[in-house]
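Grab your favourite viewer and a pencil, and let's work through a few exercises together. Try each task yourself before reading its solution.

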Amino acid sequence: PPRKPRLGVTQHKAKTTWKQLYAKHACRFCCELGDFATRKSGMVKNCAVQYLVCSSCAKEPHAQQVLIEEGLMVDLFSLD
């Protein structure tokens with residue numbers, strides 16, 4: 001008989017998990033791998049990450065305008 005998947009993970013659930021993982025680390029504007037976290041303006045280190053942006057999109061005027069309108073800033077302080 002065929003084996004059951006481990007821990008109840010089905011093939012569909014595994015695909016969904018990978019999509020969620022990719023979406024979590026993708027740039028909001030171009031869907032490439034995000035480099036920088038965006039956080040609410042103010043206390044940068046204590047705020048949760050809203051989403052990620054890549055370095056090329058962080059330089060784009062349109063992306064900067066969207067970040068300003070949403071009250072977000074690119075977190076460069078957390079980079080080590």
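The exercises below go from the overall fold to the sheet, then to single residues.

This is a predicted model, in which local features need pLDDT of at least 70, side-chain atom pairs count only at pLDDT 80 or more, and totals for chains, interfaces and linings use all residues. Residues are numbered from 1 along each chain as its sequence is written, and side-chain values use heavy atoms, with hydrogens and water left out.

**Exercise 1. List the elements of the protein in order, and describe its burial and surface.**

Step 1: Count the elements, taking helices (H or I, at least four residues) and strands (E, at least two) as DSSP runs numbered from the N terminus. The protein has 3 helices and 3 strands.

Step 2: Read them from the N terminus on, which gives α-β-β-α-α-β.

Step 3: Turn to burial, where buried means under 20% relative accessible area, exposed over 50%, and partly exposed in between (1.4 Å probe, protein chains only). Of the 80 residues in the protein, 24% are buried.

Step 4: Look at the surface with the Shrake-Rupley method and a 1.4 Å probe; for residues, only the protein chains shown count as cover. The protein exposes about 6,500 Å², and 60% of this comes from carbon and sulfur atoms.

**Exercise 2. Work out the strand order of the sheet and find its edges.**

Step 1: Pair the strands, asking DSSP for at least two bridges between two partners. Strand 1 (residues 36-40) pairs with strand 2 in the antiparallel sense over 3 bridges, with alanine 37 opposite leucine 52 in strand 2.

Step 2: Repeat for strand 3. Strand 1 and strand 3 also run antiparallel, joined by 4 bridges, and lysine 40 stands opposite leucine 72 in strand 3.

Step 3: Assemble the result: an open sheet of 3 strands in the order 2-1-3, with antiparallel pairing. Strand 2 (51-53) and strand 3 (72-75) each have a single partner strand and stand at the edges, so one side of each has no neighbour in the sheet.

Step 4: Check how covered strand 1 is: 4 of its 5 residues are buried.

**Exercise 3. Is threonine 38 buried or exposed, and what does its side chain reach?**

Step 1: Place threonine 38 in strand 1. Its relative accessible area is 0%, so threonine 38 is buried.

Step 2: List its contacts (heavy atoms within 4.5 Å). Leaving aside neighbours within four places in sequence, threonine 38 touches residues including Ala48, Tyr51, Leu67 and Met73.

Step 3: Inspect the side chain. One of its polar atoms lies 2.7 Å from the backbone oxygen of tyrosine 51.

**Exercise 4. Contrast this with isoleucine 68.**

Step 1: Find isoleucine 68 in helix 3 (residues 61-69). With a relative accessible area of 60%, isoleucine 68 is exposed.

Step 2: Take the C-alpha separation from serine 41, which is 27 residues away along the chain: the result is 9.3 Å.

**Exercise 5. How many disulfides are there?**

Step 1: Apply the rule, a pair of cysteine sulfur atoms within 2.5 Å. The count is 0 disulfides.

Step 2: Check cysteine 27. The nearest cysteine sulfur belongs to cysteine 57, at 3.8 Å, and cysteine 27 is in no disulfide. Cysteine 27 is buried, with a relative accessible area of 2%.

Step 3: Check cysteine 57. The nearest cysteine sulfur is that of cysteine 54, 3.5 Å away, and cysteine 57 is in no disulfide. Cysteine 57 is buried too, with a relative accessible area of 10%.

Notes
Polar contact = N/O pair within 3.5 Å; in protein donor to acceptor, adjacent residues only side chain to side chain.
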